Amino acid sequence: MTSRARAWQRHRPDAERYRNKTARKQDDDPDGRDLIEDYLSGQGYRVLCAADAGAARGLLETHAPEVALLDVGLPGEDGLTLARFIRERLDIGIIMVSGAGETLDRIVGLEVGADDYLAKPFDLRELKARLKGICRRYRRTAPQSAGATPLAEGETRRIALGRCQLDLDTRQLFDLDGAELPLTSMEFELLKMFVERPNRPLTRDQILSITRNRDWSPYDRSIDIRIARLRRKVELDPEHPALIRTVRGHGYMFVPAKPG
């Protein structure tokens with residue numbers, strides 16, 4: 001099947017808030033692909049389409065979508081293999097699509113790092129709601145704008161973490177009295193990853209990809225040991241963690257303390 005890619009954005013008054021969202025749809029069903037493309041474009045999304053994994057990889061070399069919608073049942077390289085490829089290289093949302101009742105596909109899809117799963121047939125309004133939720137979870141803290149107050153000379157960026165403060169510039173961790181706490185390079189990378197992705201569940205496979213630590217296996221329990229050590233350092237009550245929470249059956253999530 002000949003691959004193709006199209007991208008455009010149709011603006012409507014109720015779609016203005018979605019104008020910066022980009023979704024990529026990879027599916028071997030041209031009718032279903034066109035239907036989804038037309039619907040999402042009408043909702044203000046910019047949609048990139050690919051008929052197979054090869055075309056999708058080509059698009060990913062030149063575009064950075066916020067969310068990838070992947071069909072599991074593709075000829076040749078399947079959607080699960082493509083999902084793993086994407087997760088190892090890009091920090092974007094992934095939604096898997098498969099036939100109703102295919103529980104194994106759903107489990108494997110989540111294990112390789114997919115954020116969500118839709119069973120066919122699905123309502124396009126549900127797809128829109130899932131996309132909106134994933135875009136919200138992946139939204140990053142905006143970088144300091146040109147009009148923001150610059151840091152004073154010698155001042156560094158410090159983030160409050162429970163009973164500690166993390167200095168993102170010097171890669172140091174301090175207690176509330178200002179004393180430095182020992183912090184390995186990997187522990188810093190983990191804390192930095194969490195504070196940049198608040199309120200977002202992360203699988204072990206995602207943590208592996210984001211931190212780029214190739215010595216880990218997604219199923220290596222050493223990641224749990226490192227997080228347990230971090231909890232003992234930053235949590236007010238390490239036995240009942242409030243900052244770095246366990247998401248049962250998924251992984252971990254950083255939940256910042258509420259101001260005041």
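Colleague: Which residues does Phe194 touch, not counting residues up to four places away in sequence?

Modeller: In this predicted model, Phe194 touches Leu202, Ile207, Ile227, Ile244, Tyr252 and Phe254. Phe194 also belongs to the largest nonpolar core, which has 23 residues; Leu166, Leu191, Phe194, Ile207 and Ile244 are the ones that touch the most other members.

Colleague: Which helices and strands each supply at least two residues of this core?

Modeller: They are β7 (164–167), α6 (185–196), α8 (222–234) and β12 (251–254). The largest share, 7 residues, comes from α6. A second core, separate from this one, has 21 residues, including Ala68, Ala83, Ile94 and Ala114.

Colleague: What makes α6 roughly perpendicular to α8?

Modeller: The axes of the two helices cross at roughly 75 degrees and come within 10 Å. Angles of 65 to 115 degrees count as roughly perpendicular, so α6 is placed in that class relative to α8. On the α6 side, Met186, Glu187, Leu190, Leu191 and Phe194 take part; they meet Arg226, Ile227, Arg229, Leu230 and Lys233 of α8.

Colleague: Why is Glu187 counted as buried?

Modeller: Its relative accessibility is 4%, and the term applies under 20%; Glu187 therefore counts as buried. Glu187 is located in helix α6. Leaving aside neighbours within four places in sequence, Glu187 is in contact with Pro182, Arg229, Leu230 and Lys233. In addition, a polar atom of the Glu187 side chain lies 3.0 Å from the backbone nitrogen of Thr184.

Colleague: Why is Thr170 called partly exposed?

Modeller: The relative accessible area of Thr170 is 36%. Buried requires a value under 20% and exposed a value over 50%, with partly exposed in between; Thr170 therefore takes the intermediate term. Thr170 is found in the loop between β7 and β8 (172–175). Its side chain is joined to that of Gln172 by a polar contact of 2.8 Å. The C-alpha atoms of Thr170 and Arg158 are separated by 9.4 Å, the two residues being 12 residues apart along the chain.

Colleague: How do you know that helix α7 is largely enclosed by the rest of the structure?

Modeller: The helix comprises residues 204–211, and 7 of its 8 residues are buried, so the description follows. The buried residues are Arg204, Asp205, Gln206, Ile207, Leu208, Ser209 and Thr211.

Colleague: What makes α3 oblique to α7?

Modeller: Helix α3 (residues 79–89) packs against α7 at an angle of about 45 degrees, and their axes are 7 Å apart. That angle makes α3 oblique to α7, because angles under 35 degrees count as roughly parallel and those of 65 to 115 as roughly perpendicular. Arg84, Arg87 and Glu88 of α3 make the contact with Asp205, Gln206 and Ser209 of α7.

Colleague: How do you know that the span of helix α5 agrees with its number of residues?

Modeller: Helix α5 (residues 124–138) has 15 residues and, at 1.5 Å a residue, should span 21 Å. The expected span uses one less than the number of residues. The end C-alpha atoms of α5 are 21 Å apart, so the two values agree. At the start of α5, the backbone nitrogen of Arg125 has a side-chain oxygen of Asp123 within 2.7 Å.

Colleague: Which residues of α5 are buried?

Modeller: Leu124, Leu127, Lys128, Leu131, Gly133, Ile134, Cys135 and Tyr138 are buried.

Note on methods: Residues numbered from 1 in each chain as written. Predicted model: local features only at pLDDT ≥ 70, side-chain atom pairs only at ≥ 80, totals over all residues. Heavy atoms only, no water. Core = buried A, V, L, I, M, F, W, Y, C linked by side-chain atoms within 4.5 Å. Buried < 20%, exposed > 50% of the residue type's maximum accessible area, 1.4 Å probe, protein only. Helix = DSSP H or I, 4+ residues; strand = E, 2+ residues; numbered from the N terminus. Contact = heavy atoms within 4.5 Å. Polar contact = N/O pair within 3.5 Å; in protein donor to acceptor, adjacent residues only side chain to side chain. Axes fitted to C-alpha atoms, helices over the stretch in contact; angles between N-to-C directions. Parallel < 35°, antiparallel > 145°, perpendicular 65-115°, else oblique.
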